[in-house]
Amino acid sequence: MLAHLVCAISLLVAYVLQTTIVSQTPLVNGTADLILLFFAAWALNERVQNSWLWAFIGGLMISMLSAMPFYVPLIGYLGVVGIAKLLRRRVWQAPILAMFIVTLLSTLFQQFIYVVALQVNGAPIAWGQALDAVIFPSVLLNLIFALPMFALVNDLVGRIYPLEVEA
């Protein structure tokens, strides 16, 4: 129960910071996605059991408030958790490296889904322009914020799920 409460509050704080501060400071036209980074760090932690549930809830929350088609943020955030869960098994000795790899891959995945969805809906977006103006700057900003988010989430998880000490 405590894990759900902490995750809900953390997600709300990430959303508020995302919409008030981070989205107002773009690099070219790309912005960091704190919610994506939160889900990546949350899902990379072995002790967390509810990352799929919260990615679904977060995706629905963002879907209701976004101008994107309803399913796009949901697919994006579920993809983040999927990539994190897959890499957690592969790169288990180096969690910080895993966080950077998950951040890179999930940002590219999410931005690809966004551009395809906009093109399907008739927006005249060229791939070259999307890469230069939105995708690469978003990747860079997410990589910059990945380490602080990883540290915050690991601290939260450590407080929620303390390690059991053998006597």
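## Pockets, cores and aromatic pairs in a predicted model

The lining of the largest pocket is made up of 13 nonpolar residues, 10 polar ones and one charged residue. Before going further, please keep in mind that this is a predicted model.

**The two largest pockets**

The largest pocket has a volume of about 540 Å³. If you would like to find it on screen, look for Gln-18, Thr-31, Asp-33, Ser-66 and Tyr-114, which lie nearest its centre among the 24 lining residues. Helix 1, helix 3, helix 5 and helix 6 each contribute at least two residues to the lining of this largest pocket. Helix 5 provides the largest share of that lining, with five residues.

The second largest pocket has a volume of about 250 Å³. Its lining counts 13 residues, and those closest to the centre are Val-13, Ala-14, Leu-17, Met-149 and Leu-152. Here at least two residues come from each of helix 1, helix 2 and helix 6, and helix 6 gives the most, six residues. By character, the lining of the second largest pocket splits into 12 nonpolar residues, one polar and no charged.

Here are the two pockets side by side.

| Pocket | Volume | Lining by character |
|---|---|---|
| Largest pocket | about 540 Å³ | 13 nonpolar, 10 polar, one charged residue |
| Second largest pocket | about 250 Å³ | 12 nonpolar, one polar, no charged residues |

**The nonpolar cores**

Which residues touch the most other members of the largest nonpolar core? They are Ile-35, Phe-38, Phe-39, Trp-42 and Met-99, in a core of 40 residues. Two or more residues of this core come from each of helix 1, helix 2, helix 3 (51–65), helix 4, helix 5 and helix 6. The largest share, 11 residues, belongs to helix 2. Another core, of five residues, lies apart from the largest one, and its members include Met-68, Val-72, Ile-113 and Ala-117.

Phe-39 is a good residue to click on in the largest core. Leaving out neighbours within four places in sequence, Phe-39 is in contact with Leu-11, Trp-54, Ala-55, Gly-58, Tyr-77, Val-80 and Val-81. One of these partners, Tyr-77, leads on to the aromatic rings.

**Aromatic pairs**

A pair of aromatic rings is described by how far apart the centres are and by the angle of the planes. How many aromatic pairs does the model contain? The count comes to four aromatic pairs. In one of them, the ring centres of Phe-39 and Tyr-77 are 5.6 Å apart and the planes stand at 65 degrees; an angle over 60 counts as edge-to-face, so this pair is edge-to-face. The pair links distant parts of the chain, since Phe-39 sits in helix 2 and Tyr-77 in helix 4 (residues 71–90), 38 residues apart. Both Phe-39 and Tyr-77 are buried. Together with Phe-38 and Trp-42, these two residues form one aromatic cluster.

Phe-112 and Trp-127 form an aromatic pair that is stacked, with 5.4 Å from centre to centre and 25 degrees between the planes. Phe-112 belongs to helix 5 (residues 95–120) and Trp-127 to helix 6 (residues 127–160), so their pair ties together parts that are 15 residues apart in sequence. Are these rings buried or exposed? Neither term fits, because partly exposed covers values between 20% and 50%: Phe-112 has a relative accessibility of 43%, and Trp-127 has 32%. Phe-112 also gives a sense of distance in the model, as its C-alpha atom is separated by 28 Å from that of Val-48, 64 residues away along the chain.

**Gln-111, next to consider in helix 5**

Gln-111 is also found in helix 5. With a relative accessible area of 11%, Gln-111 falls under the 20% limit and is therefore buried. Not counting residues up to four places away in sequence, Gln-111 touches Val-134, Ile-135 and Ser-138.

**A backbone detail at Val-28**

Most residues other than glycine have a negative phi. Val-28 has a positive phi of about 55 degrees, although it is not a glycine. Where does Val-28 lie? Val-28 is in the loop between helix 1 (2–20) and helix 2 (34–44). Its relative accessible area is 54%, which is over the 50% limit, so Val-28 counts as exposed.

Terms used:
Residues are numbered from 1 along each chain as its sequence is written. This is a predicted model: local features need pLDDT of at least 70, side-chain atom pairs count only at pLDDT 80 or more; totals for chains, interfaces and linings use all residues. Side-chain values use heavy atoms; hydrogens and water are left out. Helices (H or I, at least four residues) and strands (E, at least two) are DSSP runs, numbered from the N terminus. Buried means under 20% relative accessible area, exposed over 50%, partly exposed in between (1.4 Å probe, protein chains only). Rings of Phe, Tyr and Trp (its six-membered ring) pair if their centres lie within 6.5 Å; planes under 30 degrees apart count as stacked, over 60 as edge-to-face and the rest as tilted. Contact means heavy atoms within 4.5 Å. A nonpolar core is a set of buried Ala, Val, Leu, Ile, Met, Phe, Trp, Tyr and Cys residues joined through side-chain atoms within 4.5 Å. On a 1 Å grid over the protein atoms alone, a cavity is a set of points where a 1.4 Å probe fits but cannot get out, and a pocket is an open set with protein on both sides within 12 Å along at least five of seven lines; lining residues have an atom within 4 Å of a point. Grid points are joined across faces, edges and corners, and a volume is the space filled by probe spheres set on the points. Ala, Val, Leu, Ile, Met, Phe, Trp, Tyr, Cys and Pro count as nonpolar, Asp, Glu, Lys and Arg as charged, and the others, Gly among them, as polar.
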